[in-house]
Amino acid sequence: MKYRDRNLDMGLKLVLQDLNENPYQRFNIAFSLMSIIPYLVFFYVLTNKLFYISIFIGYARLVLFISILISFCGFCISYAIIKNILKRIIFYAALAKHSDQRKSTFIATVSHELKNPILIMKTQILNIQDGLFGLLNEEQKKALELCQNIIDRISRLINDLLDLHKIESGVFEVERKLCNLVEILERQIKESEIMFNKKSIKLTKEIGAADLSVWASQNKMILIISNLLSNAIKYTPEEGEVAIKIYPFDEFVRLEFFNTGEVIPPDKIEKIFNKFERLNLTKEGTGLGLAITKDIVEMHKGKIWAESRSGEGNRFIVILPRDLRRVKG
Amino acid sequence: MSKVKVLLVDDELDFLEVLGVRVRSWGYDVLVASSGKEAIEALKNNPDIVILDYLMPEMDGVQTLREIRKISNKIQVVMFTAHADGSAMADTEKLGVYAFIPKLSFYQDAQATLKSVIDTIAKKLNKE
């Protein structure tokens, strides 16, 4: 759905809320009044044809005049009603658009105001680390490394919070097209190769078809896959195992990310998709990745859940409709 | 062979300072301007490369770039921003931007990209 359509829809919704009575009832009354005209014409033609006389003679002329007057009034009333409702729709659609623009401005401002100081800090620390202000001893280098790690963490948190705000406020990239999830998955796996090698993780892939396309936002599909992939890598111990499956599943595409390692306790399995919920506080992360992933999956009318088996590991499952335009509700 | 002059334009004075230190360490002459207006003024000093921030008050990156292009088509311009999107890139590409570098969260990547872009432009300029 495009931005413009969403604004119009929102406008219509607000108009319906704003009008205390059902506007369709008003339309019906107005149109019934207007529809007297064709009935009159129909009767006029019929009586002329069948009986070679017009019923509209003498006293009937007055009836005709009154009927036309009523029809004319109906026309005027319906014109006023339609004009009024259209005006409201336009007003509310403009209001919705303005609100979207304000949200976009907020995101741009926050991005600029928060990211810039972090960038400056990071650059200056990097300048010091690289010896541009004199040589450092090992302890000083370690201290600065710690600062860089903390800055990276804040950076990730800001990016995640901005993503979440974009999703929740509706200011979000809504341009959808056919995206081949297999291609995206392969690319993301390739980009994560270093991380797999670093922890000597064994990766197995099971790909059900070469083309498993879904009607979705390409960037957001990348975000879903990269979030689940990095999550799997993060929670897999050294020399552990990650298994990824993707296959068609009726009118859906099913993705599975399995990893060995610390098992999510059953009482936490539902909560892990909550904001700021983290399984292991010693691992890096903002606790927003899975919340963002869930929001995006639901935005595409899909489902995401996790399963865990003690002694084995955790499995994250995503199902996405191949064509969400056909999904009702 | 004279040193290549790089003009840094950003409304964040602190950023200008830290980036200035970095670019100087790469062996280039650095000029700074904290607004689009100042950048136009600084063109008198004949910079070879302009590193321009996209989001600035009053005169933003694109407006500044338009003004620069009115004066010279030779200056190589690199856009640098924290808020990059497709339309921004399309706008600036029409005006002859050499490269568009987002200010990434993992700054080392952006910095390496910036260095390689400046080095490439400098090599080209020296050949000419």
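**Notebook: strands, helices and loops of chains A and B**

I began with strand S3 of chain B and found five bridges joining S3(B) to strand S4 (residues 76-81) of chain B, the two running parallel. I took helices (H or I, at least four residues) and strands (E, at least two) as DSSP runs, numbered from the N terminus. I counted two strands as paired if DSSP finds at least two bridges between them. The model is a predicted one, in which local features need pLDDT of at least 70 and side-chain atom pairs count only at pLDDT 80 or more, while totals for chains, interfaces and linings use all residues. Residues are numbered from 1 along each chain as its sequence is written, and chains are lettered from A and ligands numbered from 1 in the order in which they are written.

**Chain B: the strand S3**

I looked up one pair in the S3(B)-S4(B) ladder: B:Val50 stands opposite B:Val77 in S4(B). I then turned to strand S1 (residues 5-9) of chain B, which pairs with S3(B) in the parallel sense over four bridges. There, B:Val6 has B:Ile49 of S3(B) as its bridge partner.

I next checked burial, calling a residue buried if 20 or more other C-beta atoms lie within 10 Å of its own, exposed if 12 or fewer, and partly exposed in between, with C-beta atoms placed from the backbone. Five of the five residues of S3(B) (residues 49-53) are buried, so the strand is largely enclosed by the rest of the structure. On one side I listed B:Ile49, B:Ile51 and B:Asp53, and on the other B:Val50 and B:Leu52; both faces are thus covered by buried residues.

**Chain B: the helix H3**

I noted that S3(B), H3(B) and S4(B) make a right-handed β-α-β unit; right-handed is meant in the sense that, with the strands pointing away from the viewer, the path from the first strand over the helix to the second runs clockwise. In H3(B) (residues 61-71) I found B:Gly61, B:Thr64, B:Leu65 and B:Ile68 buried. They cover an arc of only 100 degrees around the axis (taken from the directions from the helix axis to the C-beta atoms), which puts them on the same side of H3(B). The face turned away from that buried side carries the exposed residues B:Gln63 and B:Lys70.

For the chain as a whole I recorded five helices and five strands, in the order β-α-β-α-β-α-β-α-β-α from the N terminus on. Buried residues make up 38% of the 128 residues in chain B.

**Chain A: the sheet**

In chain A I traced an open sheet of five strands with the order S2-S4-S5-S7-S6 and mixed pairing. Its edge strands are S2 (202-207) and S6 (303-309), each pairing on one side only. I entered seven bridges between S6(A) and strand S7 (residues 313-321), which run antiparallel; A:Arg309 has A:Gly313 of S7(A) as its bridge partner.

**Two loop residues with positive phi**

A:Lys301, though not a glycine, has a positive phi of about 60 degrees. I located A:Lys301 in the loop between H9 and S6 of chain A, partly exposed with 18 other C-beta atoms within 10 Å. B:Asn46, also not a glycine, has a positive phi of about 50 degrees. I placed B:Asn46 in the loop between helix H2 (36-42) and S3 of chain B. With 12 C-beta neighbours inside 10 Å, B:Asn46 counts as exposed.
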